[in-house]
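Biologist: Hey, got a minute to go through this structure with me? I'd like to talk about the sheet, the helices and the cysteines.

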Amino acid sequence: MKRFLVSGFILCAALTVACTPSNEVSNPPASASDACEGATASGAREKFSFSQISECLDTPQKMNAFVLNNMQWVPDFDQQNFNGNVYLPAEEVYRNGADDCDGMAEFIACVLSRHGYEAYNVGISVNRPWGFNVAGYVGEDGKKYAIINKAQPDGPFDSWEALAQVYIDAAFAEPDGVVWLFQPCLEKRVDGDAVLDLEHQVIR
């Protein structure tokens, strides 16, 4: 359908064992910021599990930086690997380190949604031969933004239709097609036309 693109410590639990002070200085537990050090830098995907990186990428800006430095946008990924259109769960996209527009949108939107953002895999003309997906989210200002492989998120946009139109104008998708907001965080792979039956909000 698409062509685009712990810190160690001693526990004294036994009642018969007395804990005595040690001359050694223990290290304090790692803070959340320390645990996420390097999470947006190149090579982070090899150092962080999906659950770890999901905790660290708690803002659109961090997500945008991570994707630019660690994920590969491959326009024909589905065709090359599955011989047709496929929507993969976010964790699988992360594990692969690459996908086309629908996979990247699923990964980005899923992680942002786990941090309380209203985020979607936005399907633009996905019921047409030439469609496109992008991760869209609502910012703190109430406006719509999209993350794609650029230095900064696209936006702000006043509506989902306005967001979609930017990619239609860029020839990423056919004009006058649907604009659907797919709920992110798929539980399993979805193939072919079955993606059209996924839960979504119809904008047009």
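Modeller: Sure, and keep in mind that this is a predicted model. There is an open sheet of 6 strands, paired antiparallel, in the order S7-S6-S5-S4-S8-S10.

Biologist: Which are the edge strands?

Modeller: Strand S7 (154–157) and strand S10 (200–202), and each of them pairs on one side only.

Biologist: And how many degrees are neighbouring strands turned against each other on average?

Modeller: The average is 30° for neighbouring strands of this sheet, with direction ignored.

Biologist: Let's go to the middle of your list. How many bridges join S4 to S5?

Modeller: There are 6 bridges between strand S4 (residues 119–124) and strand S5 (residues 132–138), and the two run antiparallel. To pick a pair you can click on, Val 122 has Val 134 in S5 as its bridge partner.

Biologist: What's up with the loop between S4 and S5? Which residue there should I look at?

Modeller: Take a look at Ser 125, which sits in that loop. Its phi is positive, about 55°, although Ser 125 is not a glycine.

Biologist: Is Ser 125 buried or exposed?

Modeller: Buried, because its relative accessible area is 0%, and the cut-off for buried is under 20%.

Biologist: Which other residue has a positive phi without being glycine?

Modeller: Asp 176 is one, with phi near 60°. That residue is in the loop between helix H8 (160–169) and S8. Asp 176 counts as exposed because its relative accessible area is 66%, and exposed starts over 50%.

Biologist: Back to the edge. How do S6 and S7 pair?

Modeller: In the antiparallel sense, over 2 bridges. Ala 146 has Asp 154 in S7 as its bridge partner. The two strands form a hairpin, with 6 residues between them.

Biologist: Where's the cis peptide bond?

Modeller: It joins Gly 155 and Pro 156, with omega at about 10°. Pro 156 has its place in strand S7, one of the two edge strands.

Biologist: OK, helices. Which strands does H7 lie across?

Modeller: Helix H7 (residues 101–113) lies across S4, S5 and strand S6 (144–147). With respect to S5, H7 runs at about 15°.

Biologist: And how do the axes of H4 and H7 cross?

Modeller: The axes of helix H4 (residues 60–70) and H7 come within 10 Å and cross at roughly 145°. That crossing is right-handed.

Biologist: Which side chains should I display for the place where H4 and H7 meet?

Modeller: From H4, show Pro 60, Met 63, Phe 66 and Val 67; from H7, show Met 104, Phe 107, Ile 108, Val 111 and Leu 112. The contact of H4 with H7 has 9 nonpolar residues, no polar ones and no charged ones.

Biologist: Switching to cysteines. How many disulfides does the count come to?

Modeller: The count comes to 2 disulfides. One joins Cys 36 to Cys 56, with an S to S distance of 2.1 Å. The torsion about that S-S bond is about -85°, so this disulfide is left-handed.

Biologist: Which parts does the pair of Cys 36 and Cys 56 tie together?

Modeller: Cys 36 lies in the loop between helix H1 (32–35) and helix H2 (44–47), while Cys 56 is in helix H3 (residues 50–56), so the pair ties together parts that are 20 residues apart in sequence. Cys 36 is partly exposed at 23% relative accessibility, whereas Cys 56 is buried at 6%.

Biologist: And what about Cys 110, which cysteine does a disulfide join it to?

Modeller: Cys 185, again with S to S at 2.1 Å. The link of Cys 110 and Cys 185 is right-handed, with 105° about the S-S bond. Cys 110 is in helix H7 and Cys 185 is in the loop between strand S8 (179–182) and strand S9 (190–191), so this pair ties together parts 75 residues apart in sequence.

Biologist: Are Cys 110 and Cys 185 buried or partly exposed?

Modeller: Cys 110 is buried, with a relative accessible area of 1%. Cys 185 is partly exposed, at 28%.

Biologist: Last thing: is Cys 101 buried or exposed?

Modeller: Buried, with a relative accessible area of 0%.

Definitions and conventions
Residues are numbered from 1 along each chain as its sequence is written. This is a predicted model: local features need pLDDT of at least 70, side-chain atom pairs count only at pLDDT 80 or more; totals for chains, interfaces and linings use all residues. Side-chain values use heavy atoms; hydrogens and water are left out. Two strands pair if DSSP finds at least two bridges between them. Helices (H or I, at least four residues) and strands (E, at least two) are DSSP runs, numbered from the N terminus. Axes are lines fitted to C-alpha atoms, for helices over the stretch in contact, and angles run from 0 to 180 degrees between N-to-C directions. Contact means heavy atoms within 4.5 Å. A crossing is left-handed if the near helix is turned anticlockwise from the far one by less than a right angle, and right-handed if clockwise. Ala, Val, Leu, Ile, Met, Phe, Trp, Tyr, Cys and Pro count as nonpolar, Asp, Glu, Lys and Arg as charged, and the others, Gly among them, as polar. A disulfide is a pair of cysteine sulfur atoms within 2.5 Å. Buried means under 20% relative accessible area, exposed over 50%, partly exposed in between (1.4 Å probe, protein chains only).
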